[in-house]
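Please look over the chain shown below, together with its sequence, before reading the report.

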Amino acid sequence: MKTQSKRLLNIRKSEKRNPALSKLSPEIKRFTAASRRRRIAFGVSIASIASLLLLVLSTIFTPLLAVEKIEVTGAKRLKEKSIVNALTSQIGKPLPTVSGAEITSALKAFPLIESFSIISLPPHTLRIQITERQPIGIIAVSGTDYLYDPAGVRIGISNGYEKLPTIQITGVPEKSPQFKAAIEVLMALPAELLSRVAEIDAKSKDDVTLRLRGYSGQRIIWGDGSDSVLKSRVLDALIANQKKTDRVTFDVSSPNAPVVRYGNF
């Protein structure tokens, strides 16, 4: 590039001193036109980058996309208004700068929230989609039946109409090995069978038994937490071959050699 510019300058000086060199002017014109096009293209590129940068800065540091409204979806047990009030610090912030860490910190006051997602709805709406904890069993504490989720978080007081099993344990659920053993079994059961379980008793991680709903009070000897998938399939097949009124015990503690016992127990 420098060599060509120097060459062009020398040609122009020579042309002034000697008009005979004017016949080289077509070459000079072509070179000048090419240089002009390159300068124009460079200028357009710089202008485009500057415009994009200006747009980004105006979006981030001006009220162009500032949060004016907060929506909460997915709340059933929790009050939407309470969650919105906990997030008022986000009002006025541009949507691109909303901090997930700040929202996480604000929502720690709601233990019933299992997870959440942040959705930006330009120009001014911030939506928080929450997933509440779901109860898996009932535990009696000081004479009151409470609903608990698989993590041992208390969700609320049972109304007595939930089709959930009563979990027989001692101690605090989140620290109880019995609770953990019971949850492993309940999580392995098919959804249809889970709704039929009236009670689960985990005396230890190796001795878990269940009782089904109904007058006959059918029992299930589960054993330990191993081979849960196989035990669940075997149990499903055994139950399918029995009437709900049959007084039986299903023993799947050894799933490869299951046992069905009839009569009172």
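The report below describes a predicted model, taking a sheet and its hairpin, then two helices, then some loop residues.

## The three-stranded sheet

Three strands form an open sheet of mixed pairing, in the order β1-β3-β2. Strands β1 (69–73) and β2 stand at its edges, and because each has a single partner strand, one side of each is left without a neighbour in the sheet. From one strand to the next, the twist averages 20°.

The mixed character can be followed pair by pair. Strand β1 runs parallel to β3, with 5 bridges between the two, and in this pairing K69 stands opposite T125 of β3. Strand β2 (residues 113–121), by contrast, runs antiparallel to β3 (residues 125–132), and 8 bridges join these two strands. Helix α4 (residues 100–107) lies across β2 and β3, and its direction makes an angle of about 140° with β2.

## The hairpin between β2 and β3

The antiparallel strands β2 and β3 form a hairpin in which 3 residues lie between them, and S120 is found opposite L126 of β3. The loop that links β2 to β3 contains P123, and the peptide bond joining P122 and P123 is cis, with omega at about 10°.

## Helix α5 and its surroundings

Helix α5 comprises 12 residues (177–188) and reaches 17 Å from its first C-alpha to its last, which is close to the 16 Å expected at 1.5 Å a residue. At the start of this helix, a side-chain oxygen of S176 comes to within 3.2 Å of the backbone nitrogen of Q178. Q178 is itself buried, as are F179, A181, A182, I183, V185 and L186 of the same helix. These buried residues pack against strands β4 (137–141), β7 (166–168), β8 (197–204), β9 (207–212) and β10 (219–223), and also against helix α6 (191–194).

The loop between β7 and α5 holds K175, which is exposed at a relative accessible area of 72%. K175 and A151 are 24 residues apart in sequence, while their C-alpha atoms are 9.9 Å apart in space.

## Helix α7 and its surroundings

The 13 residues of α7 should span 18 Å at 1.5 Å a residue, and the end C-alpha atoms are indeed 18 Å apart, so the expected and modelled spans agree. Buried positions in this helix are S228, K231, S232, V234, L235, L238 and I239, a list that includes the polar or charged side chains of serine and lysine as well as aliphatic ones. The packing partners of the buried residues of α7 are helices α5 and α6 together with strands β9, β10, β11 (248–251) and β12 (259–262).

Read alongside the contacts of α5, this gives a picture of elements shared by both helices, among them α6, β9 and β10, against which the buried residues of α5 and those of α7 pack.

## Loop residues with positive phi

Two loop residues deserve a separate look for their backbone angles. S142, in the loop between β4 and β5 (144–148), has a phi near 55°, a positive value in a residue other than glycine. S142 counts as exposed, because its relative accessibility is 76%, above the 50% cut-off.

D227, which lies in the loop between β10 and α7 (228–240), likewise is not a glycine and has a positive phi of about 50°. With a relative accessibility of 47%, D227 counts as partly exposed.

Terms used
Residues numbered from 1 in each chain as written. Predicted model: local features only at pLDDT ≥ 70, side-chain atom pairs only at ≥ 80, totals over all residues. Heavy atoms only, no water. Helix = DSSP H or I, 4+ residues; strand = E, 2+ residues; numbered from the N terminus. Expected span 1.5 Å × (residues − 1). Buried < 20%, exposed > 50% of the residue type's maximum accessible area, 1.4 Å probe, protein only. Contact = heavy atoms within 4.5 Å. Polar contact = N/O pair within 3.5 Å; in protein donor to acceptor, adjacent residues only side chain to side chain. Pairing = 2+ DSSP bridges. Axes fitted to C-alpha atoms, helices over the stretch in contact; angles between N-to-C directions.
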